[in-house]
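Thanks, everyone, for making time for this. I would like to walk you through one model, beginning with its strands and then turning to its aromatic side chains.

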Amino acid sequence: QDLVSEQKFWNFKLHVEFRLAEHSNSGVALRNRYEVQMLEDYGRPPNTHSAGALYSRIAPSENASKPAGEWQTYDIRLVGRQVTVVFNGKKVIDKGTIEGLTAMGHNADEGEPGGIALQGDHGPVDFRKITITPLAK
């Protein structure tokens with residue numbers, strides 16, 4: 001049910017445009033290990049399971065969600081174990097340190113590059129643009 005890239009990545013920038021239906025959620029797995037949550041939660045307080053969170057690990061600093069049905073963006077930078085998430089133009093995680101796998105962790109070898117996965121089993125989600133740029137550092 002998930003879409004997983006064949007190519008594997010270590011350090012990278014990832015741009016994702018997505019749209020969620022009402023009561024829907026999804027996620028994007030970085031290196032096929034660390035999920036950045038996508039959740040229709042407009043107007044709710046942020047926590048470790050909100051949109052923009054590193055699922056169950058790092059809460060976003062604010063809820064930057066738009067209402068259901070609107071296009072949204074993530075700009076994610078992953079270098080080593082540091083992740084930065086810019087959600088709809090707002091930096092909600094700034095160089096957060098990743099401490100272990102999240103729920104979408106399908107490859108436990110954290111010392112190796114991994115694919116990008118789009119979660120597809122928690123309700124309707126549309127993707128229209130996904131761009132990944134490998135980084136040297």
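What follows is a short tour of a sheet and of the rings associated with its strands, and please keep in mind that the model is predicted.

Let me begin with the sheet, which is open and built from 5 strands in the order S7-S6-S5-S2-S9, with antiparallel pairing. Strands S7 and S9, the latter covering 125–134, stand at the edges with a single partner strand each, so one side of each is left without a neighbour in the sheet. From one strand to the next, the twist averages 15°.

Looking at individual pairings, strand S5, residues 72–79, joins S6 in the antiparallel sense over 6 bridges, and there Ile 76 stands opposite Val 85 of S6. Strand S6, residues 82–87, is in turn joined by 5 bridges to S7, residues 90–97, where Val 83 has Gly 96 as its bridge partner. The hairpin of S6 and S7 has 2 residues between the strands, and in it Asn 88 takes a positive phi near 50°.

Now to the rings, where the structure holds 4 aromatic pairs. In one of them, Phe 18 and Tyr 74 have ring centres 4.9 Å apart and planes at 45°, so this pair is tilted; it links S2 to S5 across 56 residues of chain. Phe 18 and Phe 87, by contrast, have centres 6.5 Å apart and planes at 20°, so that pair is stacked. Phe 18, Tyr 74 and Phe 87 together form one aromatic cluster, and Phe 18 counts as buried at 0% relative accessibility, while Phe 87 is buried at 1%.

Finally, the charged end of Arg 128 sits over the ring of Trp 71, 4.3 Å from its centre.

Definitions and conventions. Residues numbered from 1 in each chain as written. Predicted model: local features only at pLDDT ≥ 70, side-chain atom pairs only at ≥ 80, totals over all residues. Heavy atoms only, no water. Pairing = 2+ DSSP bridges. Helix = DSSP H or I, 4+ residues; strand = E, 2+ residues; numbered from the N terminus. Axes fitted to C-alpha atoms, helices over the stretch in contact; angles between N-to-C directions. Phe/Tyr/Trp six-rings, centres within 6.5 Å; stacked < 30°, edge-to-face > 60°. Buried < 20%, exposed > 50% of the residue type's maximum accessible area, 1.4 Å probe, protein only. Lys NZ or Arg CZ within 6 Å of the ring centre and 35° of its normal.
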